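Ready for a few exercises? Have the viewer open, try each task on your own, and then walk through the solution below it.

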Amino acid sequence: MKKSLLLALLGLSTVPALAQAPQAAPQQATAVMAAPRGNATIVGIVQDADTKKPVEFATVALISMATGKPIDGAMADDKGRFTISKVGVGKYRLQVSFLGYQQKLVEDVTVTSDNASVNVGVVAIASDAKKLNEVVITGEKPLVEEKIDRTVYNAEKDITNTGGNAADVLQKVPSLALDNDGNVQLRGSSNVRVLINNKPSAIMAGSVADALKQIPADQIKSVEVITSPSAKYDAEGTAGIVNIITKKDGGLQGVTGSVAATAGTRASSGNASLNIRRGKLGINGTFGGNMFYNHGNMTNTIISENNTSFQSGKTRINGRFMNALLGFDYDINPKNNISGGIRSNGGIFRMENDQDVFSGQGSALSQDFRNEIRNRNGRIGTDYNLDYTHTFKKPGQELALLSLYSITDTENNIRQDNFNTGQDPFRLIRNMNDGANKELTFQADYTHPFANKTLFEIGTKSILRDVESDALNRTIPVGRSEDRNLVDFLYEQDVYASYMTYGFMLKKTLNVKLGGRYEYTDIKGQYKSIANDNEPQESNFVDDYDNFIPSVALSYTLNQKHTFKANFTQRIQRPSFFFLNPYVQEQTSNTRVQGNPKLDAELTDLYELGYSTFFKTTSLNVTGYMRQTDNAIETVASISSEFDEQTQKNIDITTLTFANIAKNKTYGVSLFGNTKPTNNWTIGGSSNFYYVDLNAGDNRRNSGWMYNVNMNSSYNLGKGITAQFNGGFNSRRIQLLGEFAAFSYHTLAFKKELFDKKGGISLGMDNPFRRSMKMRNDVDVAGTEESRGYTQQIRINNFNRGFRVSFDYRFGKMDQQRAPKRKKSIRNDDAKQGDSNGMN
């Protein structure tokens, strides 16, 4: 604890020193033609001509007007800013270029004195435009973009997303997939941290699968996937970061807004946004609600050494959610900015499952009873953030102080009624769990660019987590006394971190970024259980550990068209509260899920090699990767028999929990591309092929090849009408206890622009050529000295065909556009997240 705080204080103490330190003399860059050197400086900002966003890492060459030869150059930082130092008196032009953009020349750049500072302002570069059959194809933002450190899926350009939710969007993102339960996987791993606008959100503290259903797709602007985060990020884990960027336009003067509404057979929604900027102050707000509804049927067969149990029934699910955001942005002066906001998400998810329960020997099964399950999950989460940013005179030099407070209240209520057909219930089972998750974060980041095109970053961070759970399990046999078990669980986890990164460029083509991160984790927990009003059983535990996380990233550009990347990083991933909570959740009459408060963190090594290129109207990217996770958290299953007095039978009960028992090795290749065969037709696709080897010892091992493929295509039919298709296929998925079967999906949408492109109406179809989606999960558990072995077969038939009609309209007047400030933000991306179904 002390050494972590000391390191954090040392990190912060360097900030004013660096801010005041004189610049070191840069090395003389190799020039094609000798030129007079001086002390003048040329600065500017490179932006996308269409989106007005910074173009990160664009190349800027300084060309002498006298010789026509390049004599120096620079690379834009992550805000598009560039600085060329040590320039002599003379006349120059700037040549600005970047992969996928047209080259741009800035003429008549004149340096009149040796100490001059020339600001060329904003240099807007357009997407590469090509000619096919004498027709000019105007450059436009592609559906998928590959940047130096991330992949960006521009969700607002995909009209098949209209009227859906975040889960519908994420399954179309390259390298991402959703499993049968709706949990996000990145390159085959479910250890994914999901952020909203670069910040953690309280709604992600529990089930990510449920949280994604709360976010309307109409509010999502883009999705960023970061597979190899630098040391600046929290020690993230095995897979990577998924950052959902929502729509907002705080950089526009005046008043703007939008409304959207969807009605459909599986989901409906309504959303509105309003943005106001007057002078230095900007205020933005959004409000929306969505609901979904579906049905299906399922069977669950468990075969053990002495018994077979079988459940069959129909399932109905529905949910209603709301979301709201109120934010502000105030420029105190040109160098100081303060911003903040409140975001709230909440709602109710309900599932009804009516099952017939059978048991017996082999195939000789007899009905035991009928079980009606009513599962209700309530959740409301609120995030409060307040941030301050100071920019120094030197371009790129910046200090950011950030704070975030998140709180989530959850309610889980599972009601089971056991009865014989036509009779009153003979047994009631009630599981109730109220929880709260509180998280307070403080962060400081300092960025200092040097004249020799290097960038130094240093920062410190503290995350204070306080989680509690109050659970009550009741089994109420009619005519007999009930069994009660009260479980209270308190869990505190404090993380203190400091990081340092250093980036530089060699010979104007090789970018190098080195980093290191130190984290100290302090854990306290208390577990209390009271059964049937007996004496309480209480246990306390404490733990602490520290980790040093290195990161190395290399990027080499050849002829401005070919980019090669190599990355290495180590990660630590702590289990979230879902995996830790010892509360026993009785999901069905014979299936229980229980967390393990003694879980340790996972450790991962990740290696990546990538190549990307752009030619004519086509972009391609291919990445090979390997990751190895030690101490991996995997699902552990056991089966036990309990005598049921009502049926006078021994009933097999399956209990799922979690343990650090496995090594997870994954080797894979991901690739994606986009092309434009004609002026009106765009085709894109992505795929991920990987091999997984899970080894838990004691003959518990599973391995195999897996893959997922996604394809999208859009066609402009003219007169403001666009058609778009998206489809995907996920192969079987290997897990330690068995496998999930393959599944696929497809969507089709048409949109007609209205009101001079300010609005539109669209028709969307989900899986129109298939009535239902059949999913299969097979589990094979080997016997041990403590538990018998068994096999389990789950079959789900999900009626997911759907149709929807959507309308959207944008209003308001934009007086002028200011250069957008790219805000620093908190990223708490260190905790392994879980799902509500007990499977990892």
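**Exercise 1: Asn in a strand**

Decide whether N621 is buried or exposed, then find its place and a side-chain partner.

*Solution.* Start with accessibility: N621 has a relative accessible area of 6%. Buried means under 20%, so N621 counts as buried. Bear in mind that this is a predicted model. Next, place the residue: N621 sits in strand 33, residues 618–644. Finally, look at the side chain, where a polar contact of 3.4 Å links N621 to T623.

**Exercise 2: Arg in a loop**

Work out where R700 lies, and classify its accessibility.

*Solution.* First find the flanking elements: R700 is in the loop between strand 35 (681–695) and strand 36 (701–718). Then take the relative accessibility, which is 30% for R700. The partly exposed class runs between 20% and 50%, so R700 belongs there. Now check the neighbours: leaving aside residues up to four places away in sequence, R700 touches I661, L694, N695 and L736. One last step is to compare sequence and space: A782 is 82 residues away from R700 along the chain, yet their C-alpha atoms are 7.5 Å apart.

**Exercise 3: Following the hairpins**

Trace how strand 26, strand 27 and strand 28 pair up.

*Solution.* Begin with strand 26 (residues 483–506) and strand 27 (residues 510–531): they run antiparallel and are joined by 22 bridges. To get the register, note that D488 faces K528 in strand 27. The turn of this hairpin has three residues between the strands, and K507 takes a positive phi near 50°.

Move on to strand 28 (residues 537–558), which pairs with strand 27 over 20 bridges, again in the antiparallel sense. Here Q526 stands opposite N540 in strand 28. This hairpin has five residues between its strands, and N532 has a positive phi near 50°.

**Exercise 4: Finding the core**

Which residues have the most contacts inside the largest nonpolar core, and which elements give two or more residues to it?

*Solution.* The core has 24 residues, and those with the most contacts inside it are I42, V46, L62, I84, V87, L94 and V111. Mapping this core onto the elements gives strand 1 (40–48), strand 2 (59–64), strand 3 (70–75), strand 4 (81–87), strand 5 (90–97), strand 6 (104–111) and strand 7 (117–125) as those giving two or more residues. Apart from this core lies another, of 23 residues, including A167, L170, V173 and V194. Now zoom in on L62: among the residues it touches are I42, I84, V87 and L94.

Notes:
Residues numbered from 1 in each chain as written. Predicted model: local features only at pLDDT ≥ 70, side-chain atom pairs only at ≥ 80, totals over all residues. Heavy atoms only, no water. Helix = DSSP H or I, 4+ residues; strand = E, 2+ residues; numbered from the N terminus. Buried < 20%, exposed > 50% of the residue type's maximum accessible area, 1.4 Å probe, protein only. Contact = heavy atoms within 4.5 Å. Polar contact = N/O pair within 3.5 Å; in protein donor to acceptor, adjacent residues only side chain to side chain. Core = buried A, V, L, I, M, F, W, Y, C linked by side-chain atoms within 4.5 Å. Pairing = 2+ DSSP bridges.
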